Amino acid sequence: MEFRVLGRVEVVIDGRARHVGHARQQCVLAALLVDVGRRVSVDQLIDRVWGEHPPQRARDALYSYLSRLRRVLAPAGGAGIERCDEGYLLRAPQDTVDLHRFRRLLERARAVDDAVAADDLYGAALGLWRGEPFGSADSPWIHRLRHSLDQERLAAESDRGDHALRCGRHTRLLAELPARIEEHPLDERLVGQLMLALCRAGRAAEALDHYRRLRHRLAEELGVDPGERLQRLHQDILTGDPALNGGSEPADRGVAGALPRQLPPTVLHLAGREPELALLDAGLRILDDGPGTALIISVSGVAGVGKTTLAVHWARRVADRFPDGQLYLDLRGFGPDEAPVAPAEAVRRLLEAVGVRPERIPADTQGRVTLLRSVTDGRRMLLVLDNARSADQVEPLLPGSPSCLVLVTSRRRLTGLVARHQAQHLSLDTLTPAAARELVAVRLGAERAAAEPDAVTELAERCGRLPLALSIAAARAGTLPGLPIGTLVEELRDERHRLTALATGDSEDTDLTSVFGWSYDALSPGAARLFRLLAAHPGPEFTLPAAAAASGLTPVDTRARLAELVDAHLVRPGTAGRFLLHDLLRAYARARLATDETDEDADGAAHRIFDHYLHTALAADRLLDEHRDAVAVPAPTAGARPQPMATHDQAEQWFSAEHAVLLTAVQQAARTGFPGHAWRLAWAIGTHLHRRGAWQEWVETQRTALAAASDCGDRAGIAHARHGLGVACAWAGRPEEAHTHLVTGLREYGELADERGQAHTHRTLAWLAQRQGRPAEALEHAEETLRHYTAAGFVPGQASALNVIGWCESLLGRHPQALSACRRALDLFEQTGNRTGQAYCWDSLAHAYRGLDRNAEAIDCFQQALDLFRALGDRYNQATTLTGLGDGHAARGEHAEARACHRQALGILRELGHPEADDLQRRMTETAPA
């Protein structure tokens with residue numbers, strides 16, 4: 001079986017060419033053959049076959065063509081078209097496609113040392129061409145690719161010509177080159193080969209005549225002179241340079257000498273970078289379209305993320321597309337000791353690499369830049385400029401030829417290249433969890449990784465899915481085959497020593513502390529200090545106001561320093577104006593904070609950060625429940641700058657965005673000597689956690705708060721945290737533990753003579769008693785709640801107590817008394833503007849009406865409560881109210897409406913992970929119609 005596209009599109013099976021179909025169907029087959037063995041999406045196929053103007057039923061037509069092509073391929077047995085992931089692939093060995101065989105033969109020809117073998121390989125490769133690529137098949141994509149392949153063929157023929165000159169076979173070229181020059185009269189490389197062949201054949205005058213004719217033609221048609229290389233060859237022929245003789249290497253290796261192939265070695269397996277490789281491949285297609293200037297792609301990312309590995313791996317994969325050579329230059333933008341390579345020196349190294357003799361390299365930088373652009377003009381070359389420090393360092397090295405591709409890696413974003421040269425930018429992120437595990441498995445062996453899958457997963461996360469860190473960890477484990485992966489993971493769990501554990505000890509290049517330090521040392525003093533102080537932030541994300549609190553500066557000044565950190569990839573921009581500091585970079589920042597800042601400055605940054613979150617959380621909580629009992633809080637320290645907000649929605653959005661940060665802040669404040677911040681912040685986020693249904697997180701947060709307040713002997717903090725823990729345990733389904741904490745908290749509030757604290761705790765005990773089926777005990781606590789709130793003169797609390805009394809009366813079957821108490825409560829809540837209290841009152845009134853069998857009025861009350869809970873964003877109480885509303889509809893025989901309400905309630909409870917979801921599900925199952 002054989003597929004042919006270097007000429008008419010053909011499928012040959014058992015020596016017989018089979019009919020592929022009309023031109024459009026041939027185009028579909030070509031679109032698959034170019035990427036044989038790789039998925040081509042449906043959208044890509046449509047674009048390749050029809051371009052920007054596909055017919056209305058393009059997909060239907062495409063499916064029809066694919067079906068017919070499957071029938072064409074069916075007799076082959078070894079090939080077929082398969083559907084996969086919203087696309088198709090043609091499964092067949094690459095060497096069965098003449099295009100890929102052509103490229104593979106060329107790659108071997110350019111690499112082999114044996115002159116005869118190389119000549120045979122060049123001949124075999126060029127012998128695959130049967131005419132114009134793709135025959136009569138045509139589309140904009142085919143047209144572009146056909147032009148690109150013609151260039152590849154021309155480059156291959158020129159490479160073969162260079163090889164012939166190196167081997168002294170110039171006589172053969174004298175017969176071949178004139179016809180090719182007739183087709184490409186302005187190709188300086190071909191003319192140079194012919195001039196050298198004529199000179200070696202003793203026909204120097206003819207060689208000079210060809211030069212004069214080309215120079216005249218270039219001047220007439222383009223208004224330019226021949227390139228620097230050809231001019232030097234012309235001068236060498238005029239002066240009779242002996243190096244032009246066949247027995248010596250030609251004077252200008254750029255014309256007929258060894259081509260530069262400088263790409264360093266790469267990894268055997270590149271894990272998890274398929275999307276990035278696809279983006280680079282797309283850039284190569286842009287180059288094939290001929291942008292009119294050199295294509296530049298910059299790859300940026302944090303130290304250790306694998307920029308160089310990706311660049312070199314991809315460059316080696318596409319090296320055969322650049323027959324005039326592949327250059328590599330480490331610009332040393334970030335390193336231990338050496339200064340970055342100066343532009344003049346960098347240009348000199350590139351000139352020498354492309355064959356310019358040292359004595360011909362100009363002394364001044366601009367002269368070198370001009371010469372570099374001259375000698376690369378018209379060449380199809382790949383330049384990998386690694387580890388660049390700035391756009392200014394890169395710009396002098398850029399060729400002007402539209403057939404060159406420049407791949408730049410840097411720890412900075414190099415926005416100057418994007419702005420001034422329209423560079424394509426690729427920001428390289430850490431690996432996905434799956435790719436990180438794959439990298440570990442590749443380095444350690446699949447069997448060893450499979451034996452400890454949980455340890456491999458944790459190892460990937462402890463290394464922050466940073467390729468360099470993963471490689472170091474895997475190298476350590478790999479050199480000790482008997483070491484369990486779990487033992488290494490245990491070592492990495494200690495954040496204080498994690499960077500030490502991720503060092504090989506034999507090279508600064510594989511020491512994360514050194515690698516990160518090179519980026520840090522390049523920062524301005526202000527940005528470096530902000531980076532250090534961000535170590536005090538609880539993470540994992542932060543906003544500009546939080547960064548300003550860390551620095552103690554204004555948001556405007558902080559923004560400039562933060563932009564520098566983002567540019568250096570020491571901080572990563574997230575979504576919705578947030579920023580991220582990688583775990584390992586946080587560890588490095590923490591180390592620099594300890595060594596470069598005084599304890600007083602470090603504590604000051606932490607104090608400002610905790611004040612920022614505490615006072616912002618207090619303001620947001622007040623918007624969620626404007627009449628919630630307050631706690632005494634000291635004024636924020638200078639520079640903390642709480643984040644202003646004015647609406648309920650803003651408060652909800654802030655709490656949702658900062659949820660993980662706030663939980664970590666409570667833990668970190670307790671651990672680092674800020675117990676007052678720990679218990680107050682835990683109190684401030686209680687309403688948010690309650691409405692989110694985050695019961696377990698609420699319990700853990702309050703446990704931390706209680707421990708922190710106890711450690712410092714803060715009696716008010718102990719009482720508040722104890723009460724908060726009791727409430728959280730009750731909601732988490734731990735009634736006995738909740739009762740113990742609440743009774744203890746009640747005694748502690750009493751010792752402090754805190755009337756509102758006692759009232760609040762009695763109210764919680766009333767709620768807990770009624771949930772446990774003890775309504776009489778609940779009523780006693782509710783009446784005590786009213787007594788203490790009345791003594792405190794707190795009207796919203798009195799309203800709340802009356803509502804609880806009404807609820808308990810209803811549970812005891814005294815529904816008229818319940819209605820009276822709840823209406824009094826509703827009046828007070830309306831007077832104070834407390835929407836949360838109003839919602840609870842409407843819910844209580846609805847249950848009282850249900851008890852009186854006045855279901856229509858109950859439904860109206862439930863709807864009032866539901867509307868308010870929805871406006872407040874209280875999801876749990878939306879669910880309980882929807883359950884009651886459904887029960888009210890069921891009591892009236894409105895079963896469809898009842899089921900709709902219950903389904904909505906169940907959906908919310910499932911999302912919250914609330915245990916009441918299972919009870920409601922059972923009820924719905926039992927009452928479902930047969």
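What follows is a set of questions and answers on a predicted model.

Me: Why is A388 called buried?
Reply: Buried means under 20% relative accessible area. A388 has a relative accessible area of 0%, so A388 is buried. The residue lies in strand β9 (residues 382-388).

Me: What is A388 in contact with, leaving aside its neighbours within four places in sequence?
Reply: Contact means heavy atoms within 4.5 Å. On that basis A388 touches L331, G333, F334, Q393, V394, V408, T409, S410, R411 and L414.

Me: How far is the C-alpha atom of A388 from that of R153?
Reply: The two are separated by 34 Å. Along the chain they are 235 residues apart.

Me: How do you know that β7 is largely enclosed by the rest of the structure?
Reply: Count the buried residues. Strand β7 covers residues 295-300, and 6 of its 6 residues are buried, so β7 is largely enclosed. Both faces are covered. L295, I297 and V299 are buried on one side, and I296, S298 and S300 on the other.

Me: What makes β7 and β10 a pair?
Reply: Two strands pair if there are at least two bridges between them. β7 and strand β10 (residues 405-410) have 6 bridges, in the parallel sense. At one position, L295 stands opposite L405 in β10.

Me: How many bridges link β7 and β11, and in what sense do they pair?
Reply: There are 4 bridges between β7 and strand β11 (residues 424-427), and the pairing is parallel. S298 has H425 in β11 as its bridge partner.

Me: What makes β4 and β5 edge strands?
Reply: Start with the sheet. It is open, has 3 strands in the order β4-β6-β5, and pairs in the antiparallel sense. β4 (40-41) and β5 (80-84) each have a single partner strand, so one side of each is left without a neighbour in the sheet.

Me: How do you know that β4 and β6 pair?
Reply: The cut-off is at least two bridges. β4 and strand β6 (residues 87-91) have 2 bridges, in the antiparallel sense. S41 stands opposite G87 in β6.

Me: Why is α21 called largely enclosed?
Reply: 9 of the 12 residues of α21 are buried, so the helix is largely enclosed by the rest of the structure. The buried residues are P467, L468, A469, L470, S471, I472, A473, A474 and A477. They pack against α18 (433-444), α19 (446-451), α20 (453-462), α22 (485-492), α24 (512-521) and α28 (583-596).

Me: How does the span of α21 compare with what is expected at 1.5 Å a residue?
Reply: Helix α21 (residues 467-478) reaches 16 Å from its first C-alpha to its last. That is close to the expected 16 Å.

Me: What makes the phi of Q422 worth a look?
Reply: Most residues other than glycine have a negative phi. Q422 is not a glycine, yet its phi is positive, about 55°. The residue is found in the loop between α17 (415-421) and β11. Exposed means over 50% relative accessible area. Q422 has 66%, so Q422 is exposed.

Me: Where is D853, and is it buried or exposed?
Reply: D853 sits in the loop between α41 (835-851) and α42 (855-872). Its relative accessible area is 60%, so D853 is exposed. D853 has a positive phi of about 60° although it is not a glycine.

Me: What lines the second largest cavity?
Reply: The structure holds 2 cavities of 30 Å³ or more. The second largest has about 40 Å³ of space. R103, L106, R110, E152, D320 and P323 line it. By class, the lining has 2 nonpolar, no polar and 4 charged residues. Helix α4 (residues 98-111) gives the most, with 3 residues.

Me: Which helix gives the largest share of the lining of the second largest pocket?
Reply: α12 does, with 10 residues. The pocket has a volume of about 1,400 Å³. Of its 35 lining residues, V34, D35, R38, D281 and R317 are the closest to its centre. The lining divides into 11 nonpolar, 5 polar and 19 charged residues. At least two residues each come from α2 (42-50), α4, α6 (140-166), α12 (274-288) and α13 (307-317).

Terms used:
Residues are numbered from 1 along each chain as its sequence is written. This is a predicted model: local features need pLDDT of at least 70, side-chain atom pairs count only at pLDDT 80 or more; totals for chains, interfaces and linings use all residues. Side-chain values use heavy atoms; hydrogens and water are left out. On a 1 Å grid over the protein atoms alone, a cavity is a set of points where a 1.4 Å probe fits but cannot get out, and a pocket is an open set with protein on both sides within 12 Å along at least five of seven lines; lining residues have an atom within 4 Å of a point. Grid points are joined across faces, edges and corners, and a volume is the space filled by probe spheres set on the points. Ala, Val, Leu, Ile, Met, Phe, Trp, Tyr, Cys and Pro count as nonpolar, Asp, Glu, Lys and Arg as charged, and the others, Gly among them, as polar. The expected span of a helix is 1.5 Å times one less than its number of residues. Buried means under 20% relative accessible area, exposed over 50%, partly exposed in between (1.4 Å probe, protein chains only).
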